[in-house]
Amino acid sequence: MNRLKAIFSKQNRALLSELVRTDFKLRYQGSALGYAWSLLRPLLIFIILYVVFVRFLKLGNDVPHFPIYLLLGIVIWNFFVEMTMQSLGSIVGRGDLIRKIRIPRWIIVFSSSISALINLGLNLIVVAVFMVINHIDIYKTIALLPLILIEVYLFALGISLFMSAAYVKFRDLNYIWEVILQAGFYLTPILYPLSRITNLTLQKLIFLNPMAQAIQDARYSVVTHSTRTNYQVFNGGWHMLVPFGLVIVVLLGGLAYFKSQANSFAENI
Amino acid sequence: MDDIAIQVDHVSKTFKLPHEKQTSIKGFLINKFRGGKRSYERQEVLQDISFEIKKGEFFGIVGRNGSGKSTLLKMLAGIYIPTEGNIRVNGKLTPFIELGVGFNPELTGRENVFLNGALLGFNRREMEAMYKDIVDFSEIERFMDQKLKNYSSGMQVRLAFSIAIKAQSEILLLDEVLAVGDAAFQRKCFDYFMDLKKNKQTVVLVTHDMSAVRQYCDRAVMIEKGKIVHEGYPEKVAQEYQKLFTDEMERLKNQERETRTAVADRWGEGGVYTKSATVKVSPSKILLTTTYIAEKDIDPPIYGFTVHGPDGTNILESNTLRLHQKTQKLVSGQQVELTWEIPNIFANGLYDVSVACCDQSATRFYDWLNEAASFKISKESATAGAVDPLVEIVSIKERSR
């Protein structure tokens with residue numbers, strides 16, 4: 001309890017809020033549209049994907065409200081990409097601070113994760129607006145969405161902690177991670193409805209990935225109950241717990257690795 | 001332990017420097033694959049350092065570049081972790097070692113004040129309360145809403161210093177902050193240091209500036225090659241530090257002299273040739289003997305000399321005219337030997353002597369020989385500065401009020 005108090009001490013909160021504020025001020029520095037890009041970027045990407053995959057390739061005809069379904073998936077995936085990519089370089093990027101001042105190192109990773117969270121919030125507003133326009137019925141299960149987002153956040157946090165610390169020593173990690181993200185984008189049912197994959201074993205394998213599970217659960221609870229979730233795929237068997245276990249393992253592993261490395265950041269950067 | 005602010009207990013710091021820095025996974029894997037251990041060079045930056053800083057003490061750390069003093073300061077600040085040993089800090093300590101850490105050129109001065117404040121552990125409300133003080137001290141109020149990148153470096157330093165000193169902490173760490181800003185601002189800083197000293201604030205000062213060490217510090221240590229070589233009175237430490245440079249300079253001078261060609265740095269129209277110049281140093285006086293040879297018949301000339309200090313300043317000059325000393329006509333081939341006696345009031349250091357000979361109107365120089373001789377002063381000293389005359393206290397009258 002005392003440790004928790006120390007983590008959220010007045011100093012740390014002040015520092016965190018100031019770092020996030022700075023991040024936000026500087027992000028769209030000098031661009032004419034400024035903060036509007038936070039909303040515009042995912043929207044434009046969504047339009048491209050929508051035109052290509054829904055209009056041209058006719059994917060997702062069997063899924064009700066497929067555009068929203070697609071948008072929600074993209075928003076959640078983008079959050080994951082943004083948070084991990086930003087955090088990866090955060091420790092090295094703030095090397096000037098780390099070498100010259102004693103501040104808790106995790107605050108730096110934490111602040112970039114909060115910036116990503118704020119963007120997620122803005123993007124979810126876009127989703128909500130689309131939902132209203134499309135007259136989507138609100139399910140009771142929408143109450144589950146925050147829990148699902150927390151899961152995604154913790155998963156991304158574990159990865160972020162691990163990679164930001166490892167990046168201090170291995171500077172080609174960012175290229176590797178970019179490739180992994182690209183692969184993850186296609187291995188996760190974001191663009192295509194899961195029903196397109198007819199092999200059940202393959203479906204099960206895909207659902208071991210926490211991102212696939214989280215995105216499908218989010219779609220189920222917010223957009224349409226007719227999408228497949230890992231509960232259905234595994235038929236309620238214990239295997240459905242694997243993605244949650246993975247999140248916990250990644251989070252704890254990331255924390256432990258970060259802690260073991262944090263003391264020597266100043267020397268190694 | 002109660003009256004001790006910082007206790008440094010047998011602290012060593014070793015950096016592992018990989019022979020080839022491996023910042024790629026490929027390099028790491030290849031090395032693992034070969035089964036070879038990564039070859040490190042262990043660099044012992046600090047070895048077995050121990051000292052204590054008492055509460056209310058103004059403590060100086062001096063040392064040359066690369067002596068390890070900055071590493072020590074970083075460990076005191078908690079940025080580096082000692083490889084061996086312990087550092088115990090009793091009280092809140094400034095966590096930074098450089099001014100303006102985290103300043104962002106794209107933010108305004110005002111925004112930077114808040115960001116910097118947050119790095120020092122103050123939230124916005126506390127910073128609002130201090131903001132006016134900070135701006136007043138820095139004297140750059142009308143620039144506060146401009147971006148920092150449009151500031152001059154002097155203005156940035158003013159702002160940084162003003163924030164740093166307002167960030168009240170029990171133990172202040174200051175690294176080379178004295179050499180910043182213009183004269184007026186420096187005076188302000190010095191006044192501030194005096195205040196700190198008066199208020200019995202615990203301060204750790206890392207500096208090259210021996211006058212600051214003499215003026216403020218209660219105690220000091222000198223670090224050389226990762227070890228404490230002197231500890232104690234600031235005056236003593238400052239002297240040892242300066243001796244380090246005197247020795248070094250002498251070595252360099254000797255080297256220089258050896259490599260210099262036979263033609264010394266001399267000029268003049270000729271007529272009189274300076275054959276030699278020698279200096280004898282005794283505790284009380286310095287004897288300078290110069291020998292001249294006339295190359296032709298010369299009207300009575302003026303003989304003179306100049307003593308240059310370690311940094312090249314003109315410390316002392318005199319000549320036969322100033323001393324109302326009549327000289328004789330010289331005939332070709334005649335040799336003249338002069339001996340000057342100078343009281344030894346010189347402070348520690350290495351001095352150069354230039355000698356010259358010119359006509360009575362001082363418009364025609366026969367011969368001028370730069371650095372004709374040099375001498376070194378190294379002694380126990382009761383004063384500081386360019387000269388070191390005997391200073392005595394005649395009386396102290398401590399009247400009761």
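## Domains of chain B

Domain bounds here come from an automatic or database domain assignment. With that in hand, let's look at this predicted model, starting with chain B. Its domain 1 covers 4–94 + 169–247, and domain 2 covers 266–377. Taken over C-alpha atoms, the centres of domain 1 and domain 2 of chain B are separated by 46 Å.

How many residues does each domain of chain B bring to the contact? Domain 1 of chain B contributes four residues and domain 2 of chain B contributes five residues. The side of domain 1 that touches domain 2 has no nonpolar residues, three polar and one charged.

## The five-stranded sheet

Chain B holds an open sheet of five strands, and reading across it gives the order β9-β16-β15-β12-β13, with antiparallel pairing. Which strands sit at the edges? They are β9 (266–267) and β13 (314–319) of chain B, each of which pairs on one side only.

At one edge, β9(B) is joined to β16 (residues 365–377) of chain B by two bridges in the antiparallel sense. Here B:W267 has B:W368 in β16(B) as its bridge partner. At the other edge, β13(B) pairs with β12 (residues 302–308) of chain B over five bridges, again antiparallel. One place to find this pairing is B:V307, whose bridge partner in β13(B) is B:L316. The hairpin of β12(B) and β13(B) has five residues between the strands, and B:G312 takes a positive phi near 90° in it.

## A second hairpin in chain B

Another pair worth a visit is β7 (residues 219–224) and β8 (residues 227–232) of chain B, which run antiparallel and are joined by five bridges. Within this pair, B:M222 is matched with B:H230 of β8(B) as its bridge partner. Two residues lie between the strands of this hairpin, where B:K225 has a positive phi near 50°.

## Chain A

Turning to chain A, we find 14 helices and zero strands. The radius of gyration of chain A is 20 Å, close to the 18 Å from the globule rule for 269 residues, so chain A is as compact as a globular protein of that length. Along the principal axes, the C-alpha atoms of chain A fill a box of roughly 60 × 50 × 35 Å.

Of the 269 residues in chain A, 37% are buried. Contacts in chain A between residues at least 6 apart in sequence include 78% that join residues at least 24 apart.

## Where the chains meet

The contact between the chains takes 23 residues from chain A and 27 residues from chain B. On the chain A side, α2 (10–27), α6 (95–100) and α14 (265–268) each supply at least two residues. Which of the chain A elements gives the most to this side? That is α2(A), with nine residues. By class, the side of chain A that touches chain B has eight nonpolar, four polar and eleven charged residues.

## Nonpolar cores

In soluble globular proteins, nonpolar side chains tend to be buried together. The largest nonpolar core in this model has 123 residues, and those touching the most other members are A:L72, A:I76, A:V152, B:L173, B:V204 and B:L205. Leaving aside residues up to four places away in sequence, B:L173 touches B:L73, B:L76, B:A77, B:L93, B:T94, B:I97 and B:V204. Another core lies apart from the largest one. This other core has 26 residues, including B:A277, B:L288, B:A356 and B:A372.

Conventions
Residues numbered from 1 in each chain as written. Chains lettered and ligands numbered in written order. Predicted model: local features only at pLDDT ≥ 70, side-chain atom pairs only at ≥ 80, totals over all residues. Pairing = 2+ DSSP bridges. Helix = DSSP H or I, 4+ residues; strand = E, 2+ residues; numbered from the N terminus. Contact = placed C-beta atoms within 7 Å. Nonpolar A, V, L, I, M, F, W, Y, C, P; charged D, E, K, R; others polar. Core = buried A, V, L, I, M, F, W, Y, C linked by C-beta atoms within 7 Å. Buried ≥ 20, exposed ≤ 12 C-beta atoms within 10 Å, placed from the backbone. Rg over C-alpha atoms; globule rule 2.2 N^0.38 Å.
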